[in-house]
Amino acid sequence: MSNEAVVHAHPGLAHEVHGDHHEHHHHETFITKYVFSQDHKMIAKQFLITGMVWAVLGGLMSVLFRLQLGYPDATFPWLEDILGKWAKGGRISDSAYYALVTTHGTVLVFFVLTAGLSGTFANFLIPLQVGARDMASPFMNMLSYWFFFIASVVMLSSLFVETGPFSGGWTAYPPLSALGSASPGSKTGMDLWLIAMALFVVSSLLGGLNYIATILNMRTKGMSMTRLPLTIWALFFTAVLGVLSFPVLLSGFILLIFDRNFGTSFYLSDIFVSGVGALPNEGGSAILYQHLFWFLGHPEVYIILLPAMGMVSEILSINSRKPIFGYMAMVGSLFAIAILAFLVWAHHMFVTGLNPFLGSVFVLLTLLIAVPSAIKVFNWLTTLWRGNIRFTPGMMFAIGFVSLFISGGLTGIWLGNSALDIHLHDTYFVIAHFHIVMGVASMFGMFAGVYHWYPKMYGRYLNNTLGYIHFWVTIAGAYMIFWPMHYQGLAGMPRRYYDYSNWESFKQFVELNRFISTVAMIVFAVQILFLFNFFYSIFKGRKVTSQNPWGATTLEWTAPIRPGHGNWTGEIPEVHRWAYDYGKDGKDFIPQTTPVGSDESEHH
Amino acid sequence: MMMTAIQQPNRPQRLHPHKFTLWVAIGSIVMMFAGLTSAYIVKKNQSNWLEFQLPVIFRYSTAVILVSSLTMHLALKAFKAREMGRYRMLISTTALLGLLFITLQYLGFRNLEAQHIALVGEKSNSSASFLFVITGLHMVHVLGGVIALLVIFARAFRTRIKQYNSMPLEIAGTYWHFVDALWIYLFVFYNWIG
């Protein structure tokens, strides 16, 4: 089926599609344009803004539990005003603390950094950069967003139930997740958590199927796979990872639902619960869940990280006015990371009684990831090297991403060793590692993408001054929050504790914890500044006046400043070269649509 | 597909995007069942695993789903030859055989319960629960195929609009053969591998 047929979906009309017929074809109402839209650009914005709502909620949760960690003895009466019984006397209760930690993790990992990041940019960039009118199936694409939306509503509703949201950690290990009697959060909160996550998996699968089909089938004439921008390669591998790993998580969840509700013994055994007695279940294995969970859980890390890597590659190249260094090595390393992602899940389980020999195999495979990661880092640095760098806010965040990826990646080499893991597992060292390398780094990739493609999304620019303030406070804050946590972790401070001042060994960290909490609040406030910038600029930002404001080569900048549904008026442009002809033959840049001249030096 | 050929005469024929999407979805479903059957093997090698005979009815259901794949194949051939009467008969048979398959699987579960092998609940052993959950999920996937056939079935009896595009039927057919193959895999797995 052709691009035209996809957008119009009336086979009979397809033969008359040419010229500028797109502009007066659609009669869109408010509902079909903004709510149940099938335009990939609008769906991208829906993902982005829903993701932002979740980022604010998830960030606010971290501020609340950092308040408890930084000021374990203080009381804040206003907390009782907003949280009610969860903060009796102005101090967050222990079960509320666990609920906050759990929901913060679930929301940030899945709703913000999976749906908000790859949902936004896969939808926005794939059709625009491969030269397609829309996704392979715009209807499935719309369903993908609305499944995400329903998942969001269900997850949000779990915050308001009597017994509170799920509080057994974002990984939802049984028995806490399988036994309603285990904790208050394991009751209705866990049911809603499971429903929300199942809907989320459906949303991810629908989206991922579409992204893969679009990239492989809907590229414009001349757009061979090796001419694709690296953003598209990264989003492609992200989608492949999601499509192959989310179903395994779903099967783990299905078994969990049976254990919770139908009395089976997949994960539960005859354990003793105080106040309930011994369970009637026999012979279940909680470790089985961990295998199924981490078989998704580890690829999930790369589902979060790869889109950021792709966008950063693109933005670094554009703003260095240089071709990306080692294009094929970048593609190859993405591929290597995607393969290795499936072979390392047991490094999350080194201390579960895993056979040490098996552990050593997983150590080797885990440390192998350092190779493609280092290739990418060197290629980013050599792209910057002697470039004619333009420090736009998007570029600042892209460079910040590289910095964070190096800092966080190096501690990955520590944690990948099963021997070191005996000491470091479940400490703040782990928290510091994954927040820097996956959490903050991917947020930086997302910010870079938003600043860079905002002109294409809304036809206006974000305010630069606010952008620079946002960048500097966030990067300084990120290091000030997570760097000290390495020391706490090395000292053995465990994660997920409610109050460290009770322990003689950790009393020394009271002031450090207060420092971290203070910085966390400042960084959160600056994100609100970014949100202000975002929404203000939609209406009042400086207008984009040229089609190609960054002087970029890729196809999205050949579309009108505010493209309609169908993206290009007239024919879809044809592609004649790769996406990185910057500074070639004395020209600043050559768009992908320019035919190769006879006087050109070697081309790709 | 013909449309594409007229529009872009010099481009090589690519797989229809919807058909391609189906293949990716099949990969996704395969991963789900691979996860479940791996969990089955892991659990089997731990303590407390109840061994029991697979119900004989599952052999009949295997035969039924194999025949339904054949009728599906013939239905597609009849559609392409524009033998609409034959096509309607065959597609109805396929859907009915799908429903028969689901019924037989259900009877198989009843048969196990009659032998006092609990599938769920307090006295259940995870070997029977695994059989129930995995087979049940497969039944849900067959049901999905039946629903897809019903939609196509309704179209086949429409008189006002004539349907010439064989793509929806091809997609449903590929899916149908896939759930058939998936059951064969599960049947072999239960009997000889797991």
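**Figure 1. The annotated span of chain A, residues 30-594, in the predicted model.** The end C-alpha atoms of residues 30-594 of chain A are 38 Å apart. Helix makes up 64% of this span and strand 2%. An unreviewed UniProt entry annotates residues 30-594 of chain A as "domain: Cytochrome oxidase subunit I profile".

**Figure 2. Chain B as a helical chain.** Chain B contains 6 helices and 0 strands, and its elements follow the order α-α-α-α-α-α along the sequence. Along the principal axes, the C-alpha atoms of chain B fill a box of roughly 65 × 35 × 25 Å. Of its 194 residues, 32% count as buried. Among the contacts in chain B with a separation of 6 or more, 77% join residues that are 24 or more positions apart.

**Figure 3. The contact between chain A and chain B.** Chain A contributes 38 residues to the contact, and chain B contributes 34 residues. On the side of chain A that touches chain B, the elements giving two or more residues are helix H7 (188-217), helix H8 (230-261) and helix H9 (286-320). H8(A) supplies the largest share of that side, 9 residues. By class, the side of chain A that touches chain B comprises 25 nonpolar, 12 polar and 1 charged residues.

**Figure 4. Helix H7 of chain A against helix H2 (residues 17-44) of chain B.** The axes of H7(A) and H2(B) come within 9 Å and cross at roughly 130°, which makes H7(A) oblique to H2(B). The crossing of H7(A) with H2(B) is right-handed. From H7(A), the residues in contact are Leu205(A), Leu209(A), Asn210(A), Ile212(A), Ala213(A), Leu216(A) and Asn217(A). Their partners in H2(B) are Pro17(B), Phe20(B), Thr21(B), Val24(B), Ala25(B) and Ser28(B). The residues of this contact comprise 9 nonpolar, 4 polar and no charged.

**Figure 5. Helix H8 of chain A against helix H2 of chain B.** The axes of H8(A) and H2(B) come within 8 Å and cross at roughly 40°; the two helices are therefore oblique to each other. H8(A) and H2(B) form a right-handed crossing. On H8(A), the contact involves Val243(A), Leu244(A), Pro247(A), Val248(A), Leu250(A) and Ser251(A). On H2(B), the residues are Val24(B), Gly27(B), Ser28(B), Ile29(B), Met31(B), Met32(B), Gly35(B) and Leu36(B). The contact of H8(A) with H2(B) has 10 nonpolar, 4 polar and no charged residues. Val24(B) and Ser28(B) take part here and also meet H7(A).

**Figure 6. Helices H15 (residues 428-458) and H16 (residues 464-490) within chain A.** The axes of H15(A) and H16(A) come within 8 Å and cross at roughly 165°. H15(A) and H16(A) are therefore roughly antiparallel to each other, and their crossing is left-handed. Among the residues of H15(A) in this contact are Tyr428(A), Phe429(A), His435(A) and Tyr451(A). Those of H16(A) include Gly467(A), Phe482(A), Met485(A) and His486(A). By class, the contact of H15(A) with H16(A) divides into 12 nonpolar, 5 polar and no charged residues.

**Figure 7. The surroundings of Val109(A) in helix H5 (residues 94-130) of chain A.** Val109(A) is buried, having 22 other C-beta atoms within 10 Å. Apart from its neighbours within four places in sequence, Val109(A) is in contact with Thr114(A), Trp170(A) and Glu300(A). The C-alpha atoms of Val109(A) and Gly58(A) are separated by 9.9 Å, although these residues are 51 residues apart along the chain.

**Figure 8. Backbone features in loops of chain A.** The peptide bond from Pro174(A) to Pro175(A) is cis, with omega near 5°. Pro175(A) lies in the loop between helix H6 (138-158) and H7 of chain A. Arg496(A) is not a glycine but has a positive phi of about 70°. Arg496(A) belongs to the loop between H16 and helix H17 (510-540) of chain A. With 11 other C-beta atoms within 10 Å, Arg496(A) is exposed. Asn567(A), likewise not a glycine, has a positive phi of about 70°. The loop that holds Asn567(A) lies between H17 and strand E3 (582-584) of chain A. Asn567(A) counts as buried, with 24 C-beta neighbours inside 10 Å.

Conventions: Residues are numbered from 1 along each chain as its sequence is written. Chains are lettered from A and ligands numbered from 1 in the order in which they are written. This is a predicted model: local features need pLDDT of at least 70, side-chain atom pairs count only at pLDDT 80 or more; totals for chains, interfaces and linings use all residues. Two residues are in contact if their C-beta atoms, placed from the backbone, lie within 7 Å. Helices (H or I, at least four residues) and strands (E, at least two) are DSSP runs, numbered from the N terminus. Ala, Val, Leu, Ile, Met, Phe, Trp, Tyr, Cys and Pro count as nonpolar, Asp, Glu, Lys and Arg as charged, and the others, Gly among them, as polar. UniProt positions are given in the numbering used here, feature names are shortened, and annotations may be inferred rather than shown by experiment. Axes are lines fitted to C-alpha atoms, for helices over the stretch in contact, and angles run from 0 to 180 degrees between N-to-C directions. Angles under 35 degrees count as roughly parallel, over 145 as roughly antiparallel, 65 to 115 as roughly perpendicular and the rest as oblique. A crossing is left-handed if the near helix is turned anticlockwise from the far one by less than a right angle, and right-handed if clockwise. A residue is buried if 20 or more other C-beta atoms lie within 10 Å of its own, exposed if 12 or fewer, and partly exposed in between; C-beta atoms are placed from the backbone.
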